[in-house]
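This report covers the fold, the domains and the local backbone geometry of one protein chain. It begins with a backbone feature and then moves outward.

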Amino acid sequence: MIEEIIELLTDLVAIDSVNPDLVPGAVGEAAVAAHIAEWARTAGLEVFVDEVEPGRPNVIVTARGLGGGRSLMLNAHTDVVGTAGYDDPFEVVVEADRIRGRGVLDTKIGVATALVLARRAGALGLRGDVVVACVVDEECGSKGTDALIADGRFHTDAAIVLEPTELVIVHAHRGWAWGRITVHGRAAHGSRPDLGIDAIVHAAPVLAGLGVLQQRLATAPHAVTGPSSIHAGLITGGAEMSTYPASVQIDVERRNMPGDDETTLAAELDELCALVDAPAHAVAATTFGRSPLMTDPEEPIVRALRAAGPDLAVGAASFWTDAALLSEAGIPSVVFGPGGGGIHETEEWLDLASLETFGRVLWDTVQAFCA
Ligand SMILES: [Zn+2]
């Protein structure tokens, strides 16, 4: 089985699928999606191609069950991050203990493993459906999984999102929220302190307050995911050297532990705005956010994974995944994947020893859940 997975993985990694929303002009997921669809049709599996955006198709592959069993989604993204500074990112190098190449771990190994397992499930004749969702755009806006959920046809009984977790069964992670504080002053000629209100100087208490808030959040961790956190992401302000700055924007990101959401950030931003002294003033807005993941460890899909891999750790990831979207849509979801390194760096690799365990545990889970 591992040989079949590596063979398909090698083909997938060799196909450029850099996310065009991350890197303007990048090729996107069309070519890798075409390869997946062709492979799955040849394997005798059902194939549904959904053009989420022009040139950016989700490919949903189904190993149809005999009926009467639970359905399981294996979800992995086909897009990869950029390759700036990477020597030969799409040249797949297979070594004794690892495989190198952009996307090999994040998440083409997920795609390849899920497809090979679907083929095996089809041949075995399980009662439940095994649905392999090969989705676009996870690395930027999650348009692929959003479209999959909106479509509604693939509402399975559970889902496993195949992001690299170093073989930890991840049932929880934090969400996030973005917001902006705008501090308003008044523009004036640099020689006229009597007229100008320096928005940048008046923003100082906001930045200091942000630091205090971060310290406060760190003292109240969630038992599973750890604490929420907050930081400045961008600061933009002023017009030119000889003019009093009329405004400054501070863009803030908050990582939300279970229980926190955009309203939590909105309240904190209002507190920070109140620190700005007259005659300046500040206003805040939240712009975008994604929910945390908090799947009950006693959910059948978590129990199935724990039974298949009794030695594996169960816990939280530091990063956000599409599993939160699926859970929010009513599909109990977990995250599980192999180990390696160099994700989003210039030397990405998959650990082959962890692939053995990953493949075995996932296959046992599929058989038990969909039996
Ligand atoms: Zn990923």
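Pro279 sits in the loop between helix H7 (262-273) and strand S12 (281-290). Helices (H or I, at least four residues) and strands (E, at least two) are DSSP runs, numbered from the N terminus. The peptide bond that leads from Ala278 into Pro279 is cis, with omega near 10 degrees.

The model is predicted: local features need pLDDT of at least 70, side-chain atom pairs count only at pLDDT 80 or more, and totals for chains, interfaces and linings use all residues. Residues are numbered from 1 along each chain as its sequence is written.

**Overall picture**

The secondary structure comprises 10 helices and 17 strands. Along the principal axes, the C-alpha atoms fill a box of roughly 80 × 45 × 40 Å. Of the 371 residues, 48% count as buried. A residue is buried if 20 or more other C-beta atoms lie within 10 Å of its own, exposed if 12 or fewer, and partly exposed in between, with C-beta atoms placed from the backbone. Among contacts with a separation of 6 or more, 76% come from residues 24 or more positions apart. Contact here requires that the C-beta atoms of two residues, placed from the backbone, lie within 7 Å.

**Domains**

The domain assignment gives domain 1 (2-173 + 292-369) and domain 2 (183-290); such bounds come from an automatic or database assignment. The centres of domain 1 and domain 2, taken over C-alpha atoms, are 38 Å apart. Seven residues of domain 1 are in contact with seven residues of domain 2. On the side of domain 1 that touches domain 2, six residues are nonpolar, one is polar and none is charged. In this grouping Ala, Val, Leu, Ile, Met, Phe, Trp, Tyr, Cys and Pro count as nonpolar, Asp, Glu, Lys and Arg as charged, and the others, Gly among them, as polar.

**Strand pairing**

Two strands pair if DSSP finds at least two bridges between them. Four strands form an open sheet in the order S4-S5-S17-S16, with antiparallel pairing. Strand S4 (93-94) and strand S16 (340-341) are at the edges with a single partner strand each, so one side of each has no neighbour in the sheet. Within this sheet, S5 (residues 98-100) is joined to S17 (residues 349-351) by three bridges, and Ile99 has Leu350 as its bridge partner in S17.

Strand S9 (residues 175-184) has pairings with both S11 (residues 247-256) and S12. The table lists three antiparallel pairings.

| Strands | Bridges | Opposed residues |
|---|---|---|
| S5 and S17 | three | Ile99 and Leu350 |
| S9 and S11 | 10 | Arg180 and Asp251 |
| S9 and S12 | nine | Gly179 and Thr286 |

**Helices H3 and H10**

Helix H3 (residues 104-124) lies across S5, S16 and S17, and runs at about 60 degrees to S17. For such angles, axes are lines fitted to C-alpha atoms, for helices over the stretch in contact, and angles run from 0 to 180 degrees between N-to-C directions. Thr107 belongs to H3, and the peptide bond from Asp106 to Thr107 is cis, with omega near -10 degrees.

Val111 is another residue of H3. Is Val111 buried or exposed? Val111 counts as buried because 28 C-beta neighbours lie inside 10 Å. Leaving out residues up to four places away in sequence, Val111 touches Leu12, Ile36, Ala76, Thr78 and Cys134. The C-alpha atoms of Val111 and Gly125, 14 residues apart along the chain, are separated by 21 Å.

Helix H10 (residues 352-369) has 18 residues and spans 25 Å from its first C-alpha to its last, close to the 26 Å expected. The expected span is 1.5 Å times one less than the number of residues. The buried residues of H10 include Leu355, Phe358, Leu362 and Phe369.

**Positive phi angles**

Most residues other than glycine have a negative phi, and most peptide bonds are trans. Glu166, which is not a glycine, has a positive phi of about 60 degrees. Glu166 lies in the loop between strand S7 (158-161) and strand S8 (169-173), and counts as partly exposed because it has 16 C-beta neighbours inside 10 Å.

His344 also has a positive phi, of about 65 degrees, without being a glycine. His344 is in the loop between S16 and S17. With 11 other C-beta atoms within 10 Å, His344 is exposed.
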